[in-house]
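Hi,

Here is the structure I promised to pass on. Have a look at it first, and my notes follow below.

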Amino acid sequence: MIIGVDTGGTFTDFVFKKEDQWGVYKLLSTPDNPARAVLTGLDHVGGKEKQQIIHGSTVATNAILERKGARTALITNKGFEDVIEIGRQNRSRLYDLAYRREPQIVPPDLRFGVKGRVLSTGEEHAPLDAEEARKVIKQIERSRAQSVAVCFIFSFANPSHEEKIKELLGNTGIAVSLSHEILAEFREFERTSTTVLNAYVVPKMHNYLGKLMAEMAEGNSLSIMQSNGGSISAETAMQESVRTILSGPAGGVVGGLEIGKIAGHTHLITFDMGGTSTDVSLIDGSFSLTVESRISGYPLKVPMIDIHTVGAGGGSIAAVDVGGSLKVGPESSGADPGPICYGKGEQITVTDANLYLGRLIPEHFLGGTMKLQRNRLDSFFQQMAQKIGLSPMELAEGILSVANTAMEKAIRVISVEKGYDPREFVLFSFGGAGGMHGAFLARLLNIPKVLVPQNPGILSAIGMIMADVIKDYSFTVMRNQLNCTADQLSDFFEDLEKRGLKDLSKEGFAKKNIRLERYLDMRYEGQSYEIIVPLEANYIDGFHTLHEKTYGYRNEDKMVEIVNIRLRARGIPAKPRFQQAKKVKRQPSRKAYLGEREVVFDQKKRKTQIIARDRLLNGNRIPGPAILVEYSSTIVIPPFADAHVDEYGNVIMEIVD
Amino acid sequence: MKENPILLEVFKNRFSSISEEMGVTLNRTAFSPNIKERRDSSCAIFDRDGAMIAQAAHIPVHLGSMPMSVKSAIENVAMEDRDMVILNDPFKGGTHLPDITVVAPVFAGEKAPSFYVANRAHHADVGGMSAGSMPLSTTLFQEGIIIPPLKLVEKGTIDRKLMSFLLNNVRTPKEREGDFAAQIMGNITGIRRTRELIEKYSLKTVTFYAKRLMEYAERVTRHMITEIPDGTYTFEDFMDDDGFGNAKVRIHLSVTIQGDRATLDFQKSSPQVEGSINGVYAITLSAVLYVFRALVNQDIPTNAGVLRPITVLTRRGTVVDAQFPAAVAGGNVETSQRIVDVILGALAQALPERIPAASQGTMNNVTIGGIDPRKGIPFAYYETIGGGMGATAESDGESGVHSHMTNTLNTPIEALEYSYPFLVTEYSIRRGTGGKGLHKGGDGIVREIHLQSDGEITVLSERRSLAPYGLHGGESGTVGKNVIVRDGKAMEKPGKFSSALKKDDIVRIKTPGGGGYGEKGDRSQETGGMEHRA
């Protein structure tokens with residue numbers, strides 16, 4: 001039995017598959033001890049079956065956001081102890097006269113400098129002062145630090161000093177993270193930051209995963225979801241915990257990729273709209289990766305699925321500012337007090353606006369288990385509408401269009417700004433509110449088609465059980481097109497490939513199920529951002545082409561630099577198969593119709609069918625306007641869209657105007 | 001057409017998207033680390049009269065000056081479709097020569113341009129007497145090539161003659177050419193996005209909301225000014241010197257708040273000086289715009305509306321309104337910081353809880369040039385260094401960070417050592433340099449470079465003799481220091497100097513700490529009137 005477990009802020013979701021049987025299960029999360037909900041749920045869905053578990057955990061992410069990681073020390077070159085604090089010397093809020101950085105992960109008294117220096121060529125300029133290093137380690141032991149990050153200048157070009165420190169730390173029992181192992185790339189602040197984040201979360205993850213494994217029955221396996229879109233064994237996740245940070249939304253994108261592929265759509269923009277925020281990502285046959293992520297003020301340079309987040313979701317609050325402009329978000333009503341219609345809130349949210357327009361159906365919201373209070377809305381909408389000189393209906397649709405503008409902007413960042421035309425993509429909508437906004441957003445961006453998968457509320461857990469096992473490796477070589485031949489590149493890759501094969505065979509993969517993908521981080525000489533180019537026979541030309549696509553021009557007179565080499569080792573597991581349903585008639589069965597309501601579209605009340613999604617079959621067509629309800633989400637098919645159900649139960653909306 | 005609060009918000013987002021997308025293109029396509037890595041650039045969109053609608057400013061010093069560049073381009077050149085105008089003349093819309101602006105019209109079916117887009121980037125070298133073009137100059141002519149508003153692009157084609165002329169007057173022509181191309185690309189993105197917006201909503205609607213957004217920013221700014229108690233607040237502070245023996249150069253301000261209007265009178269400031277710390281009027285305007293924009297506690301578009309309730313008075317021929325052919329290289333980077341200090345110092349009397357003590361008050365401009373022995377080609381390194389921020393009523397000041405008029409990134413040590421014949425030997429926080437007080441000022445930075453070849457250095461720095469002020473009993477921050485160590489002997493250098501360097505010299509720049517806030521041990525948070533002693 002294969003089980004995907006996704007720990008979220010409110011719920012822990014379980015998706016399981018045994019032979020042809022699929023099942024889902026939801027449990028309230030237990031934030032004080034997340035393992036409790038995970039183990040309870042596993043017991044419930046798996047029982048005594050042999051289990052293969054893939055788990056998306058927020059333990060590492062939360063440890064950083066809440067500054068509850070291990071007491072962490074840093075060893076670096078003497079004179080560079082503050083690199084981690086100074087960062088790039090800029091401030092993230094330009095107009096904040098009282099600007100402060102986020103709290104430091106390693107306080108100044110836990111940063112230690114040791115004499116010794118390596119140059120850019122890897123040549124040792126000054127040997128490591130082992131005597132001083134020993135003294136520093138004594139101090140670290142006395143400081144009760146549980147974990148230590150080691151980052152020396154140019155350590156990736158010559159790791160001997162970092163290795164020496166590891167050797168000297170010996171059996172002190174302090175966890176150690178070496179920068180050349182975590183991220184063998186140049187730019188000392190970003191490398192230090194990534195290493196420090198790893199050191200900070202390793203003991204926590206060790207503890208958490210250790211607990212899970214101890215409670216699991218013999219013979220069960222546990223893998224952990226990484227932010228790069230692949231999973232990895234729990235043992236590896238204990239060493240390289242940094243790769244699980246921000247992995248939360250990755251499962252959803254993988255789910256989008258895999259479900260899209262099965263349904264015949266390889267170019268997708270995933271749109272995950274939740275309560276407080278919306279995550280968007282672009283899939284161009286495979287997911288887009290970035291090495292420019294940040295968490296809580298710290299850069300995190302490991303490759304990650306490029307997911308752009310915007311502070312607009314169902315709970316986003318609408319307010320009129322002093323200049324008379326209508327703002328929506330980023331403030332959110334959260335779970336408490338929640339939107340007005342939940343009974344307690346007193347500020348209008350996006351969810352309230354949807355309900356006001358009739359697009360949310362109170363008796364079907366969460367299967368009718370939560371009663372929405374439509375009657376609470378009137379006075380709040382009238383009040384605010386009067387204040388800005390609109391009718392309450394105009395206000396409600398206005399709130400949605402402002403929220404949609406923010407989400408449209410997010411999609412432009414990941415598509416248009418990177419040289420992609422949204423018209424060539426399918427909008428893959430999920431999350432609690434994705435189905436309500438998908439069609440409107442598609443129209444704004446001229447996206448022709450929207451896909452809402454089955455179980456859109458737990459897509460992340462589905463993605464986890466479909467993910468490959470992925471290991472990423474990189475190494476700064478700093479060459480240019482003249483002093484780097486294809487043979488040399490092969491030599492560089494050989495070492496990484498050996499590691500990849502070894503690591504994946506440890507994960508249980510036979511060679512025939514392993515794919516090695518080679519990439520180069522390239523740029524024009526003098527540039528300081530690299531782009532990731534697949535290593536093909538004509539990679540220099542590949543770079544010019546990709547550069548032109550991304551930035552609008554190519555310059556073949558300019559020297560091309562190869563900054564980093566990058567290997568992605570992919571283990572392909574046996575994946576669950578989906579069954580194709582037989583096509584039935586266009587007209588949905590009568591049982592699917594739940595009644596008719598008046599719903600507002602473009603300021604007009606329209607008679608709209610309410611339809612039970614789980615009673616729809618392959619081939620059924622539903623012209624807009626209509627509303628599909630299911631347990632965890634609502635799909636709004638506006639008058640300008642036409643929907644049908646495909647052979648895998650996905651709802652496809654086509655924008656017709 | 002009637003203003004609709006929903007479309008107002010939608011257009012706010014759309015216009016800011018345009019300037020941001022221009023910035024993404026410019027930064028990503030630029031060649032020089034100075035623009036890409038340090039993001040020393042800004043992009044903006046303007047209406048048909050050259051009034052700014054929205055700006056993606058990474059660098060506040062560009063705020064007030066971009067509109068003046070665009071106005072100058074409009075006045076001096078008849079732009080047709082697919083033309084672009086380049087300029088850097090500080091007395092025709094520029095600020096200092098390295099900041100080069102490229103302006104492009106957006107035609108939308110009318111005879112004249114319906115909108116303009118423009119971007120400005122700091123170029124690492126524009127010729128002149130010293131590498132990096134941030135010299136210790138006494139006249140504009142020493143600072144580099146002066147570009148009046150000229151067509152760089154005509155009907156979509158780059159003017160090769162002009163380009164070749166420009167490139168022949170700078171030290172690093174290839175890099176410049178790449179950066180010009182990036183600036184052109186940035187504008188092309190802006191033009192395309194503006195046209196898409198017009199197609200979607202009609203020219204009439206887009207023009208209408210451009211105006212409404214200026215009024216919107218104006219309303220919000222007026223609202224903020226009414227929260228400042230009425231009265232006249234006077235303050236002065238000084239530049240250390242101009243590098244040519246003229247010490248204590250005065251910046252004087254009387255700010256009068258009356259209801260929803262503010263008048264800032266700088267007329268009693270010193271006459272312009274021989275050295276390059278003269279600021280043109282655009283600099284002063286930028287500093288004012290920065291402070292008022294910072295006092296508005298919400299996200300508004302930075303546009304022409306913000307300045308409407310504000311009057312800025314200067315006297316021509318002073319350090320805050322320098323006239324041709326004054327040397328201005330340092331006015332942009334150094335005097336602009338002091339103008340901010342003075343505006344904040346005056347407003348601190350009106351808003352003691354909101355205004356921080358003085359931040360480091362300098363950008364610590366360091367330029368090192370020479371021949372890289374590893375490659376046998378010339379190099380020009382330019383960088384600015386962060387320092388301490390002033391403490392506030394709420395908390396200590398931040399350490400090791402850029403403040404106020406700049407926000408450029410540092411160059412990573414490993415990137416420096418790949419690119420230049422340098423060995424960086426220290427990069428740390430200069431502990432204990434923030435002014436003491438109830439809340440202490442942020443600490444400065446120590447940056448130390450061990451030269452691996454001969455070269456020449458120019459430093460333009462401030463707050464080396466007159467410290468950043470504390471407020472309400474808080475102490476001043478510690479002044480900065482510039483040191484060159486040769487053969488084991490440390491030589492202290494002045495705030496502004498140029499000097500030949502020998503292989504194995506060590507350059508040590510220690511930047512100032514920020515001022516403290518409130519008397520130490522005084523937890524009552526009493527903040528009465530404050531007195532400034534310079």
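Start with the open sheet in chain B: seven strands in the order β2-β1-β5-β4-β3-β6-β7, paired antiparallel. The edges are taken by β2 (52–57) and β7 (157–158) of chain B, and each has a single partner strand, so one side of each has no neighbour in the sheet. Further in, β4 (residues 99–106) and β5 (residues 115–122) of chain B run antiparallel and are joined by eight bridges. If you want a register marker for that pair, B:V103 has B:A118 in β5(B) as its bridge partner. Bear in mind throughout that this is a predicted model.

There is another bit of strand pairing further along chain B, around β20 (residues 506–510). Strand β15 (residues 444–451) of chain B runs antiparallel to β20(B), with five bridges between them, and B:E448 sits opposite B:R508 there. Strand β17 (residues 481–486) of chain B also pairs with β20(B) in the antiparallel sense, again over five bridges. In that pairing B:N482 is matched with B:I509.

On domains, chain B is split into domain 1 (5–219) and domain 2 (355–534). Their C-alpha centres are 30 Å apart, and the contact between them draws 20 residues from domain 1 of chain B and 18 residues from domain 2 of chain B. On the domain 1 side, that comes to nine nonpolar, five polar and six charged residues.

Chain A has 16 helices and 34 strands. Its C-alpha trace spans about 80 × 60 × 60 Å along the principal axes. For 657 residues a compact globule would have a radius of gyration near 26 Å, and chain A, at 26 Å, agrees with that. Of those 657 residues, 53% count as buried. Among the contacts in chain A between residues at least 6 apart in sequence, 66% join residues at least 24 apart.

The domain assignment for chain A lists domain 1 (2–64 + 206–244), domain 2 (67–197), domain 3 (250–313 + 404–465) and domain 4 (481–571). The centres of domain 1 and domain 2 of chain A, taken over C-alpha atoms, are separated by 32 Å. Their contact takes four residues from domain 1 of chain A and five residues from domain 2 of chain A. The domain 1 side there consists of three nonpolar residues, no polar ones and one charged.

How do the two chains meet? In numbers, 57 residues of chain B are in contact with 51 residues of chain A. On the chain B side, the elements that give two or more residues include α5 (173–201), α6 (203–226) and β14 (422–430). The largest share comes from α1(B), with 13 residues. By class, that side of chain B has 25 nonpolar, 18 polar and 14 charged residues.

The largest nonpolar core has 349 residues, and those with the most contacts inside it are A:I399, A:I627, A:I637 and B:I343. Leaving out neighbours within four places in sequence, B:I343 is in contact with B:L253, B:L264, B:A287, B:V288 and B:V291. A:I637 turns up again as a contact of A:A643, along with A:I622, A:V651, A:I652 and A:M653, not counting residues up to four places away in sequence. A:A643 itself is in strand β33 (residues 641–645) of chain A and is buried, with 22 other C-beta atoms within 10 Å.

Finally, some backbone geometry to check by eye. Most residues other than glycine have a negative phi, and most peptide bonds are trans. The peptide bond from A:G329 to A:P330 is cis, with omega near 0°, and A:P330 is in strand β21 (residues 326–332) of chain A. The bond from A:G624 to A:P625 is cis too, with omega near 0°, but A:P625 is in the loop between β30 (621–623) and β31 (626–629) of chain A.

As for positive phi, A:D602 has a value near 50° and lies in the loop between β28 (593–601) and β29 (604–612) of chain A. With 9 C-beta neighbours inside 10 Å, A:D602 counts as exposed. B:R82 has phi near 65° and is in the loop between α3 (65–76) and β3 (84–87) of chain B. B:R82 is partly exposed, with 15 other C-beta atoms within 10 Å.

Cheers

Key: Residues are numbered from 1 along each chain as its sequence is written. Chains are lettered from A and ligands numbered from 1 in the order in which they are written. This is a predicted model: local features need pLDDT of at least 70, side-chain atom pairs count only at pLDDT 80 or more; totals for chains, interfaces and linings use all residues. Two strands pair if DSSP finds at least two bridges between them. Helices (H or I, at least four residues) and strands (E, at least two) are DSSP runs, numbered from the N terminus. The radius of gyration is taken over C-alpha atoms; the globule rule is 2.2 Å times the number of residues to the power 0.38. A residue is buried if 20 or more other C-beta atoms lie within 10 Å of its own, exposed if 12 or fewer, and partly exposed in between; C-beta atoms are placed from the backbone. Two residues are in contact if their C-beta atoms, placed from the backbone, lie within 7 Å. A nonpolar core is a set of buried Ala, Val, Leu, Ile, Met, Phe, Trp, Tyr and Cys residues joined through C-beta atoms within 7 Å. Domain bounds come from an automatic or database domain assignment. Ala, Val, Leu, Ile, Met, Phe, Trp, Tyr, Cys and Pro count as nonpolar, Asp, Glu, Lys and Arg as charged, and the others, Gly among them, as polar.
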